[in-house]
Amino acid sequence: MIILQTIRSFPHILLFKRSSQRTVIEADVKRWVEIRAPGRLSHSALKNITWLLDSFPEFRNLFYFRLGTYAGKAGKLLLFIGRILYSPNETPAFAFCEIGPGLYIEFGYGTIIGPRRIGENCWINSGVTIGYKNDVDPSPIIGNNVYIGAGAQVLGPITIGDNAVIGANAVVLRDVPPNCMVVGVPARIIKRDGERVKRFSAEA
Amino acid sequence: MALPLLHLFLYRRSIARESIEKDIPRWIRFINPSLSSLSSDQALVWLLNTETLKEFRNLFYYRIGQPASIIDRVLLAVAKSSREPRNTISIRVPSIGYGFVIKHGYNVIIHAERIGVNCLVFQDVTIGYKTPGGGLPVLGDHVHVSVGAKILGPVTIGDYSIIGANSVVTKDLPPHSTAMGVPVRSISKAGSTA
């Protein structure tokens, strides 16, 4: 079984070794292993990449996104073969954007990730949309350590501060300050720096 | 269309046979009531062969589970490759009661403690933990979870509850309640009219 996995992930390992994004992918792998199987942290990065590619189709999407700008004919051929051996899911879908290291995606069915920028160590659930509100304004900027719950939508030219938590099914259309928790349609702040905020005292 | 003989063989040998037998008429009633005169086996063949009903295959493979003998495991692998399940559904529940129906299985995540009999789940539904490693929900019997609803954390949903579209449930709901909104609130309870 392990031999089969090694053969299947051979192009991926080659691409990973030659990639300029190597440190970023290493950070991703560490985060995924930390969340999914902390017992595997002592294994080597290559072993863990093989395991993640085999177990989580959504990790494949992230992996191919990280390698996306890799140039050269040999690289493109390897990527083509790799995509056949470990085919990614249709979603999560990534737009061309800057995403910090350590992004974790839980399932990611129907997740569209199209921000201007995402910080480090963010967590995105299934059914999330990050993108445009209309055809004029740019898309959101998301800080570090942001958690986006299942089915939430983050739309328009807004900024989400560091350590923010966006609840399930929230629709976020305004800026969210750092260390806040927002829920609802449209989203409003319910927690600021860990303390509960009264219902109509502050708007998100 | 080829008969799914392997599936029928596995189904007859499975310990979950009774549950699947009770699932079938409910799926037929929701999907295509004109086929209600078919026998149980004929209906199963129709459900497994219909390409637009891949979510039934997810439930079927969940019920069959991981067989004990190696021969059965190989048969199951072959069966799976000939009738592929939908890859946007994740079911991780110790026990789901009979008569469980998933309608339009796109982005359906069901990680619960227990699910009762005759429940109905639509697309975009997430049933799972609120914080990683936290508790999981318990669903009673005859619960109806509408489109896009999220049930998060260690909550208990009473029997015969209806959860409205796009609502977020993070608190317990009593039996016979109808609830909706973000966060959820009851709009009718047992004995009252909405």
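These entries record what I looked up in a predicted model with chains A and B.

**Entry 1: the two chains**

I began with the interface between the chains. I found 16 residues of chain A in contact with 16 residues of chain B. I then sorted the chain A side of this interface by class: eight residues are nonpolar, eight are polar and none is charged.

**Entry 2: the domains of chain B**

I next turned to how chain B is divided. Domain 1 covers 1-85 and domain 2 covers 88-194. I noted a separation of 24 Å between the C-alpha centres of domain 1 of chain B and domain 2 of chain B. For the contact between them, I recorded 11 residues from domain 1 of chain B and 10 residues from domain 2 of chain B.

I asked which elements give two or more residues to the side of domain 1 of chain B that touches domain 2 of chain B. They are helix 2 (17-31) and helix 4 (54-64) of chain B. Helix 2 of chain B provides the largest share of that side, with six residues. By class, I listed the residues on that side of domain 1 of chain B as four nonpolar, two polar and five charged.

**Entry 3: a helix pair in chain A**

I moved to chain A and to the packing of two of its helices. Two packed helices are described by the angle between their axes and the distance between the axes. For helix 2 (residues 10-18) and helix 6 (residues 73-85) of chain A, the axes come within 8 Å and cross at roughly 140 degrees. I therefore entered helix 2 of chain A and helix 6 of chain A as oblique to each other, since only angles over 145 degrees would count as roughly antiparallel. The crossing of helix 2 of chain A past helix 6 of chain A is left-handed.

I then listed the residues that meet. Helix 2 of chain A contributes Pro11(A), His12(A), Leu14(A), Leu15(A) and Arg18(A). From helix 6 of chain A come Gly75(A), Leu78(A), Leu79(A), Ile81(A), Gly82(A) and Leu85(A). I counted seven nonpolar, three polar and one charged residue in this contact between helix 2 and helix 6 of chain A.

**Entry 4: Leu103(A)**

I closed with a single residue. Leu103(A) is placed in the loop between strand 2 (98-99) and strand 3 (104-105) of chain A. Is Leu103(A) buried or exposed? I entered Leu103(A) as buried because it has 24 C-beta neighbours inside 10 Å, and the cut-off for buried is 20 or more.

Setting aside neighbours within four places in sequence, I found Leu103(A) in contact with Asp28(A), Leu62(A), Ile118(A) and Cys122(A). I also looked up Trp32(A), which is 71 residues from Leu103(A) in sequence and 8.3 Å from it in space, C-alpha to C-alpha.

How values were computed
Residues are numbered from 1 along each chain as its sequence is written. Chains are lettered from A and ligands numbered from 1 in the order in which they are written. This is a predicted model: local features need pLDDT of at least 70, side-chain atom pairs count only at pLDDT 80 or more; totals for chains, interfaces and linings use all residues. Two residues are in contact if their C-beta atoms, placed from the backbone, lie within 7 Å. Ala, Val, Leu, Ile, Met, Phe, Trp, Tyr, Cys and Pro count as nonpolar, Asp, Glu, Lys and Arg as charged, and the others, Gly among them, as polar. Domain bounds come from an automatic or database domain assignment. Helices (H or I, at least four residues) and strands (E, at least two) are DSSP runs, numbered from the N terminus. A residue is buried if 20 or more other C-beta atoms lie within 10 Å of its own, exposed if 12 or fewer, and partly exposed in between; C-beta atoms are placed from the backbone. Axes are lines fitted to C-alpha atoms, for helices over the stretch in contact, and angles run from 0 to 180 degrees between N-to-C directions. Angles under 35 degrees count as roughly parallel, over 145 as roughly antiparallel, 65 to 115 as roughly perpendicular and the rest as oblique. A crossing is left-handed if the near helix is turned anticlockwise from the far one by less than a right angle, and right-handed if clockwise.
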